[in-house]
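Student: Could you take me through one part of this structure slowly? I would like to see how helices meet and how aromatic rings pair up.

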Amino acid sequence: MLAAILFDLDGTIVNTDPIHYRAWQKTLLNYNIEIDETFYKSRISGRLNAEIVKDILPQLSAVEGQKFADEKEALFRELAPHLQPLSGFSELLEWTDTHQLKRALVTNAPRLNAEFMLEVLGIKEAFHIVVLADDCIAGKPDPAPYQVALNKLGITAEEAIALEDSPSGIRSAVSADIRTIGIASTHDPQILQSVGAFMAIPDFTDLQLWTLLNSLIEPNLSAIAPLDLLQKSQNQECHSEQNAVERRISLDVSLRSI
């Protein structure tokens with residue numbers, strides 16, 4: 001039985017990767033390092049700042065590395081005053097309220113960034129618990145953040161679904177034995193599934209997601225599916241049936257004229 005949904009933040013609730021990419025580009029230029037999207041996705045996306053700095057700027061001391069990371073995150077917040085959640089997110093929150101599910105935020109984002117994004121998105125009160133990598137023995141891809149979330153919620157891994165956009169985050173959730181859905185806002189769906197996601201969707205309007213979630217709550221999907229999404233699906237089915245009828249009538253008329 002589903003008891004909780006565990007959300008990543010960056011790239012899952014909101015697609016911040018283009019902004020992070022610009023911030024990393026600009027700050028790394030101070031060290032004459034130019035990066036492209038391939039570099040960003042393979043060496044930066046989903047990782048902790050301390051690991052990124054140690055990898056890319058090994059010459060910096062711990063204090064210098066922290067100062068660099070703080071400057072980069074300050075630039076990110078400066079560039080991101082008008083964030084919007086992915087499509088379908090508000091409907092998903094309403095659905096979890098309807099079915100009395102718990103919600104957790106599990107993120108590698110630095111504390112100031114997490115607080116900033118929750119404020120801008122207007123969802124400061126949306127989660128029963130918030131788990132930051134800073135508060136755990138290790139961040140993603142280690143399973144620790146998700147294990148902490150399960151413990152704080154008082155549930156088992158079998159009672160949860162995780163939503164993640166990065167290979168690092170998916171490895172973290174899967175290593176905690178949580179069924180994980182990939183949000184393909186920043187990475188190719190096949191990449192997300194190759195590291196453990198059992199499903200990959202573009203956003204929260206995808207009917208695969210709703211079919212799965214509803215099946216974990218009630219067998220009668222039509223009784224509980226979000227109305228607008230259900231109507232959209234039904235309209236598509238009706239349109240297909242109408243086309244089929246029109247084709248049959250056209251064929252019948254043609255045969256009579258022979």
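Tutor: Happily; here is a walk through the helix contacts, followed by the aromatic rings. Please keep in mind that this is a predicted model.

Let's begin with the whole chain. The protein chain contains 11 helices and six strands. It has 258 residues, of which 49% count as buried. Among the contacts between residues at least 6 apart in sequence, 64% join residues at least 24 apart.

Now to the helices. Two packed helices are described by the angle between their axes and the distance between the axes. Take helix 1 (residues 17-29) and helix 4 (residues 62-79): their axes come within 9 Å and cross at roughly 135°. Angles over 145 degrees would count as roughly antiparallel, and helix 1 and helix 4 are therefore oblique to each other. Their crossing is right-handed. On the helix 1 side, the contact is made by I19, H20, R22, A23, W24, K26, T27 and L28, and on the helix 4 side by F68, K72, E73, L75, F76 and L79. Sorted by class, this contact of helix 1 with helix 4 has eight nonpolar, two polar and four charged residues.

Helix 4 has another partner to look at. The axes of helix 4 and helix 6 (residues 111-121) come within 10 Å and cross at roughly 5°. That angle makes helix 4 roughly parallel to helix 6. Here E73, F76 and R77 of helix 4 make the contact with L112, N113, F116 and M117 of helix 6. By class, the residues of the contact of helix 4 with helix 6 divide into four nonpolar, one polar and two charged. You may recognise E73 and F76 from the contact with helix 1.

Next come helix 5 and helix 10. The axes of helix 5 and helix 10 come within 13 Å and cross at roughly 5°, which makes helix 5 roughly parallel to helix 10. Where do they touch? E91, L92 and W95 in helix 5 meet W210, L213 and N214 in helix 10. The contact of helix 5 with helix 10 has four nonpolar, one polar and one charged residues.

Helix 5 also leads us to the rings. A pair of aromatic rings is described by the distance of the centres and the angle of the planes. With centres within 6.5 Å counting as a pair, the count comes to eight aromatic pairs. One of them is formed by F7 and F89, which is edge-to-face, at 5.7 Å centre to centre and 85° between the planes. This pair links distant parts of the chain: F7 is in strand 1 (residues 4-7) and F89 is in helix 5 (residues 89-98), 82 residues apart. Both F7 and F89 are buried.

F89 pairs with F204 as well: the ring centres are 5.9 Å apart and the planes are at 50°, so the pair is tilted. Again, distant parts of the chain are linked, with F89 in helix 5 and F204 in the loop between strand 6 (199-201) and helix 10 (207-215), 115 residues apart. Why do both count as buried? The cut-off is under 20% relative accessible area; F89 has 2%, so F89 is buried, and F204 has 0%, so F204 is buried.

To put the rings together, ring pairs link F7, F89, F127 and F204 into a cluster.

Note on methods:
Residues numbered from 1 in each chain as written. Predicted model: local features only at pLDDT ≥ 70, side-chain atom pairs only at ≥ 80, totals over all residues. Heavy atoms only, no water. Axes fitted to C-alpha atoms, helices over the stretch in contact; angles between N-to-C directions. Helix = DSSP H or I, 4+ residues; strand = E, 2+ residues; numbered from the N terminus. Parallel < 35°, antiparallel > 145°, perpendicular 65-115°, else oblique. Left-handed = near helix turned anticlockwise from the far one by under 90°. Contact = heavy atoms within 4.5 Å. Nonpolar A, V, L, I, M, F, W, Y, C, P; charged D, E, K, R; others polar. Phe/Tyr/Trp six-rings, centres within 6.5 Å; stacked < 30°, edge-to-face > 60°. Buried < 20%, exposed > 50% of the residue type's maximum accessible area, 1.4 Å probe, protein only.
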